[in-house]
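Reader: I'm new to this structure and would love a close look at one part of it. Could you walk me slowly through the salt bridges and what surrounds them?

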Amino acid sequence: MDIRPIDIHDDDLMREFHRIVDAGYHIGREDAPRWTYDEYVGSVRAPDSGERAVHVGAFDGALDGALDGALDGALDGESLV
């Protein structure tokens, strides 16, 4: 498992990151409001408002190098999914 920061300007990677984060946020809260991909990536890529957010991914190097997990600090503190 390789843990490293996410390149927030990589659209394909951010789509997968959003999918994982969205799924994690809604476990047991399936009817809660959701951020669309465009809303999410817009908030992540917005100019700095004085807050610092670090987005980290867990990549499975042994299999296909795909993103398997995410640490998101953008919306509500840090959430590991």
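**The salt bridges and their surroundings**

Author: There are 3 salt bridges in the structure, which is a predicted model. Let's go through them one at a time, then look at what sits around them.

Start with Arg45 and Asp11, whose side chains meet in a salt bridge at 2.8 Å, N to O. Arg45 belongs to helix H2 and Asp11 to helix H1, so this pair ties together parts that are 34 residues apart in sequence. Are these two partners buried or exposed? Neither, quite: Arg45 counts as partly exposed at 29% relative accessibility, and Asp11 also falls in the partly exposed class, at 41%.

Next up is Glu16 with Arg19, where the closest N and O atoms are 2.6 Å apart. This one stays inside a helix: the partners are 3 residues apart in H1, so about one helical turn separates them. It helps to recall that an α-helix has 3.6 residues a turn, so residues three or four places apart point the same way. Glu16 is partly exposed at 27% relative accessibility, and Arg19 is partly exposed at 47%.

The remaining bridge joins Arg34 to Asp22, with 2.4 Å between the closest N and O atoms. Here Arg34 sits in the loop between H1 and H2, while Asp22 is in helix H1, so the pair ties together parts that are 12 residues apart in sequence. Arg34 counts as partly exposed, with a relative accessibility of 42%. Why does Asp22 count as buried? Because its relative accessibility is 17%, and the cut-off for buried is under 20%. As for the general idea behind such pairs, side chains of opposite charge can pair when their charged atoms come close.

Now, what surrounds Arg45? Two residues that touch it are good guides, and one of them is Met14. Met14 has its place in helix H1 and is buried, with a relative accessible area of 0%. Leaving aside residues up to four places away in sequence, Met14 touches Ile6, Asp7, Ile8, Tyr37, Tyr40, Val41, Val44 and Arg45. Take Tyr37 from that list: Met14 and Tyr37 are 23 residues apart in sequence, yet their C-alpha atoms are 8.6 Å apart in space.

The other guide is Ile8, found in the loop between strand E1 (2-5) and helix H1 (11-25). Ile8 is partly exposed, with a relative accessible area of 21%. With the same sequence neighbours left out, Ile8 touches Met14, Val44, Arg45 and His55. Ile8 and Val44 are 36 residues apart in sequence and 7.3 Å apart in space, C-alpha to C-alpha.

Several of Met14's contacts turn up again in helix H2 (residues 37-45), where the buried residues are Tyr37, Tyr40, Val41 and Val44. Seen down the axis of H2, these buried residues fall within an arc of 90°, so they line one face of the helix.

That brings us to the core. In soluble globular proteins, nonpolar side chains tend to be buried together. In this model the largest nonpolar core has 14 residues, and the ones touching the most other members are Ile6, Met14, Phe17, Val21, Tyr40 and Leu67. H1, H2 and strand E3 (67-72) are the elements that give two or more residues to this core. H1 supplies the largest share, 6 residues.

What about His55, the contact of Ile8? His55 is part of strand E2 (residues 55-59), and 5 of the 5 residues there are buried, so E2 is largely enclosed by the rest of the structure. Both faces of E2 are covered, with His55, Gly57 and Phe59 buried on one side and Val56 and Ala58 buried on the other. E2 runs antiparallel to E1, and 4 bridges join the two strands. Within this pairing, Ile3 stands opposite Ala58.

Finally, step back to the whole chain. It has 2 helices and 4 strands, following the pattern β-α-α-β-β-β along the sequence. Of its 81 residues, 33% count as buried. Among contacts with a separation of 6 or more, 51% are between residues 24 or more positions apart.

Note on methods: Residues are numbered from 1 along each chain as its sequence is written. This is a predicted model: local features need pLDDT of at least 70, side-chain atom pairs count only at pLDDT 80 or more; totals for chains, interfaces and linings use all residues. Side-chain values use heavy atoms; hydrogens and water are left out. Buried means under 20% relative accessible area, exposed over 50%, partly exposed in between (1.4 Å probe, protein chains only). Contact means heavy atoms within 4.5 Å. The arc is that of the directions from the helix axis to the C-beta atoms. A salt bridge is a side-chain nitrogen of Lys or Arg within 4 Å of a carboxyl oxygen of Asp or Glu. A nonpolar core is a set of buried Ala, Val, Leu, Ile, Met, Phe, Trp, Tyr and Cys residues joined through side-chain atoms within 4.5 Å. Two strands pair if DSSP finds at least two bridges between them.
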